[in-house]
Amino acid sequence: KSKCILTGLWGNELGSKMQIQQVNEDGSFSGQYRTAVSLAPRPVRPASLNGSQHFDEGGQPTFGFTVNWKSFSDSTTVFTGQCFVDDNGKEILETMWLLREKAKAPQGWEATRVGTNVFTRIK
Ligand code: B9F
């Protein structure tokens, strides 16, 4: 069975795309995230992402990464997930995310959104 390395271009069910550059020996990686959806008044721009993946025996590693939306928003999203490879070599990234919107004061109940995304490889 082939092993999943996160390097490449990925797209999710919302139409968002992310490009992950090479994964370093320690599992760290960086890349760019272009979201297809936004409620921001400013136009969407590519955002940088930084993360870390395991290298496991089975080749279906867990990973996490952070997207800093600073080019158009004050918010931050973290994703965590796992790469699965099926018998045909098709990879999916099953993820969950938390999005923190900048709040005026602590303990706002509304400041954090949660959701899931599934990514497939484009390149
Ligand atoms: O639209 C978001 C935003 C943050 C503060 C003002 C606008 C930024 C883009 C987030 C994109 C999310 C989705 N895209 C994707 O591929 S990250 C998780 C999802 N997966 C209005 C106020 C707070 C949020 C929206 Fe805003």
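**A walk past three residues**

Visitor: Where in the fold does Thr62 lie?
Guide: Happy to start there, and do keep in mind that this model is predicted. Thr62 belongs to the strand covering residues 62-68, which is E5.

Visitor: Is Thr62 buried, partly exposed or exposed?
Guide: Across the sequence, Thr62 touches Ser52, Gln53, His54, Gly81 and Gln82, leaving aside residues up to four places away. Its relative accessible area is 36%. Buried would require under 20% and exposed over 50%, so Thr62 is partly exposed.

Visitor: How far apart in space are Thr62 and Cys4, C-alpha to C-alpha?
Guide: In sequence, 58 residues separate Thr62 and Cys4. In space, their C-alpha to C-alpha distance is 10.0 Å.

Visitor: What is phi of Gln107 near?
Guide: Gln107 sits in the loop between strand E7 (91-100) and strand E8 (112-121), and at 80% relative accessibility it counts as exposed. Most residues other than glycine have a negative phi. Gln107 is a residue other than glycine with a positive value, near 65°.

Visitor: Is Asn117 buried or exposed?
Guide: Asn117 lies in strand E8. Its contacts, not counting residues up to four places away in sequence, include Leu14, Tyr33, Phe79 and Trp97. Its relative accessible area is 5%, and because the cut-off for buried is under 20%, Asn117 is buried.

Visitor: Which side chains make polar contacts with the side chain of Asn117?
Guide: One polar contact, at 3.4 Å, joins the side chain of Asn117 to that of Asn12. Another, at 3.2 Å, joins the Asn117 side chain to that of Glu13. The side chains you asked for are those of Asn12 and Glu13.

Methods. Residues are numbered from 1 along each chain as its sequence is written. This is a predicted model: local features need pLDDT of at least 70, side-chain atom pairs count only at pLDDT 80 or more; totals for chains, interfaces and linings use all residues. Side-chain values use heavy atoms; hydrogens and water are left out. Helices (H or I, at least four residues) and strands (E, at least two) are DSSP runs, numbered from the N terminus. Buried means under 20% relative accessible area, exposed over 50%, partly exposed in between (1.4 Å probe, protein chains only). Contact means heavy atoms within 4.5 Å. A polar contact is a pair of N or O atoms within 3.5 Å; within protein, one must be able to donate a hydrogen and the other to accept it, and residues adjacent in sequence count only if both atoms are side-chain atoms.
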